[in-house]
Each structure stands twice: as structure tokens, then as C-alpha cells.
Amino acid sequence: PAPKTVLTGRKKVVRSLLPTFPPLSKNVSVVLEKTLISSMGDLKGLPRTMMFSGGFDSTLMVLLARRYGAQVKAVTIQFDKFNPMTVEGAVALAKKLDLSHHVLHVTAKEFLSSFETVAQIADEPLLDLDLALVNAVFKKYHQQRGREIFISGMGSDQWFGNMALEAEYCGLQTRLDTGLLNKKAHNQVAELYGNRFIFPFLSGPMLALSLRLTDDMKNDKKLLRTLADGNGLNPQHGREEQVPGMMRKAVVKAFAQRAWPWPLTKEKQKKTDDQTLRQIVLGLWLETQK
């Protein structure tokens, strides 16, 4: 385990604590839709802000939330010039779907500042660099866009897609721990600015359902794709990494002298692996501890 985990202690989420899911009916896609919608909470007539990349997951969430009565607003993060195809595609799709849509800009400088902030407040392992983008958006726009409830599709790949089927992606327990820790970290950031996140794919009922599904139902998100049938959902635009490799290098270089247990050497600064980021996260976090 990473050093911060050892220092703070960590309780694993025991699988037996997840809710028990009843036997599946023949129409599994209907069960999935009902569980997904119930995990979003009350929607009818209420404003909900969707994290919208224009990809399959976020578009599916938008369509379902709107169909069940939510007043949907879509938000896309533009990170400097790193994700132009994603932003362009999201703008075009939002226009096609007649969505209220906002593109929120984040600079590399704002990202690095936010990385330092989230490293100091969130639980280990915090290697989800997208969280720094989320913090930068909230920090910059919270006066105009505070008190909103955001819905995110995070967890779809891990629990209803290909990643859950890959042995090298580590075991079920670790995936569950990491997913719920990242969920907690996102909510910690949102709460700083008076906002709240809902993660339907990481809710107890959805995780319990995932454990009952066969590999064939998850392969290539097959079961999720059945929910999109008849809705004209067919995202075509190109996708980029939200946080490219060059920004991982920028993070390492910016905080090399503040890593734990000692500053990173010039040779170590050339690496951007997860363990190097853990040393940086831990060093930044320890600075705030008595």
C-alpha cells in the first residue's frame, strides 16, 4: 500500500456490506434502467447538471435524466488546448440534442494549483488527475454556478464495461475501494464550493447489480448499450485524454521538491508513474498535517 494509506489507516469496503440484489428477471435491461434511475434520485422537474464529454456514458446519462423529468444542463471542461476534439464534439452533440450547454475553461496553471489543493484534502490513493480539473472549475465558477447537483458517469467502465473483465486491472476489492475513495474525493471537492455529486454507477444498488451480471452482459458495455437503443445515441467524434501525459510530467516537475520522503532526483523527475505521483501527493498532504 502507498505510504499515506499506512499513516492514516484504511478500512476496506467488505463485499458483504453491499445490498443484496434480488434474482434477475429475464428483461435485465429494464432492471438496469430502473436501478440506474433510482440511483440518480428524484429527477422530475429538478435542475441537474451533467458532466458531459459527449461520449457514450455521459450522453446516456443526459438522455435518461431528461426522459425522467430533470431540467438538464450539460457542462464540458475545456483544458487549455489539450482536448479540442472532445469539446468540439460535445458542443455539436449538445446542439443536436437541444441541451443547455456550458463549456468551462481551465488553464494549465489553474490545474497545477488545483492539484496541490486536492492532494491536501483527499484520501489516498488520489491518482485521479481529472479531480484537479473539477476543483479548478468549481473554484473559478462557484460564484455563478454554486449550489448545483452534478451527476457523473464515473464507474461505468469499471463496473459495467471492459475494465471489470480485465484481470490485470487488479482485484474486485481494490476496484471497489478505489472507486469509492475517488467518489468521496470528488464530493469533498464539490462541498468546498457548495455543490454535490451523484455517482449512479458507484451507488450501492448499482454495484450490487453489477456483481450479479455475467461477463457477456458487461463486455463492450453490451447491457448499457441496450438502454441507448431507440434514442439515436451514436457519438462519433474523436476523444482525447482529459489530462495528457505532458501534464503528468508538469505535475512531477512542479512538485518534485515537495515529494515524500525526500525530493525527487533529476532522474526520478523523468518518471510519471503512479508511485512517483503517490510520493508527491503524500508530500503535499503531509505539509498540512501537524
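**Salt bridges, helix packing, a cavity and backbone geometry**

The structure holds eleven salt bridges. The model is a predicted one. Side chains of opposite charge can pair when their charged atoms come close. One such pair is formed by Lys 221 and Asp 157, whose side chains meet at 2.7 Å, N to O. Lys 221 sits in the loop between α10 (215-218) and α11 (222-228), and Asp 157 belongs to helix α7 (residues 156-160), so this salt bridge ties together parts that lie 64 residues apart in sequence.

The loop between α10 and α11 also contains Asp 220. The phi angle of Asp 220 is near 55 degrees. This value is positive, in a residue other than glycine. Most residues other than glycine have a negative phi, and most peptide bonds are trans. A cis peptide bond is found between Trp 260 and Pro 261, with omega at about 10 degrees. Pro 261 is placed in the loop between α12 (245-254) and α13 (274-286).

Helix packing was examined for α2 and α3. Helix α2 spans residues 28-40 and helix α3 spans residues 56-67. Their axes are 11 Å apart and make an angle of about 80 degrees. Helix α2 is therefore roughly perpendicular to α3, since angles of 65 to 115 degrees fall in that class. From α2, the contact involves Glu 33, Leu 36, Ile 37 and Met 40. From α3, Met 61, Leu 64, Ala 65 and Arg 67 take part. By class, the residues of this contact comprise six nonpolar, no polar and two charged.

Internal space was also searched. Two cavities of 30 Å³ or more were found in the whole structure. The second largest cavity has a volume of about 30 Å³. Its lining is made up of Met 51, Val 75, Val 134, Val 137, Phe 138 and Phe 150. Helix α6 (residues 130-145) contributes the most to this lining, giving three residues. The lining of the second largest cavity has six nonpolar residues. Polar and charged residues are absent from this lining.

Methods. Residues numbered from 1 in each chain as written. Predicted model: local features only at pLDDT ≥ 70, side-chain atom pairs only at ≥ 80, totals over all residues. Heavy atoms only, no water. Axes fitted to C-alpha atoms, helices over the stretch in contact; angles between N-to-C directions. Helix = DSSP H or I, 4+ residues; strand = E, 2+ residues; numbered from the N terminus. Parallel < 35°, antiparallel > 145°, perpendicular 65-115°, else oblique. Contact = heavy atoms within 4.5 Å. Nonpolar A, V, L, I, M, F, W, Y, C, P; charged D, E, K, R; others polar. 1 Å grid on protein atoms, 1.4 Å probe; cavity = no way out; pocket = protein on both sides within 12 Å on 5 of 7 lines; lining within 4 Å. Points joined across faces, edges and corners; volume = space filled by probe spheres on them. Salt bridge = Lys/Arg side-chain N within 4 Å of Asp/Glu carboxyl O.
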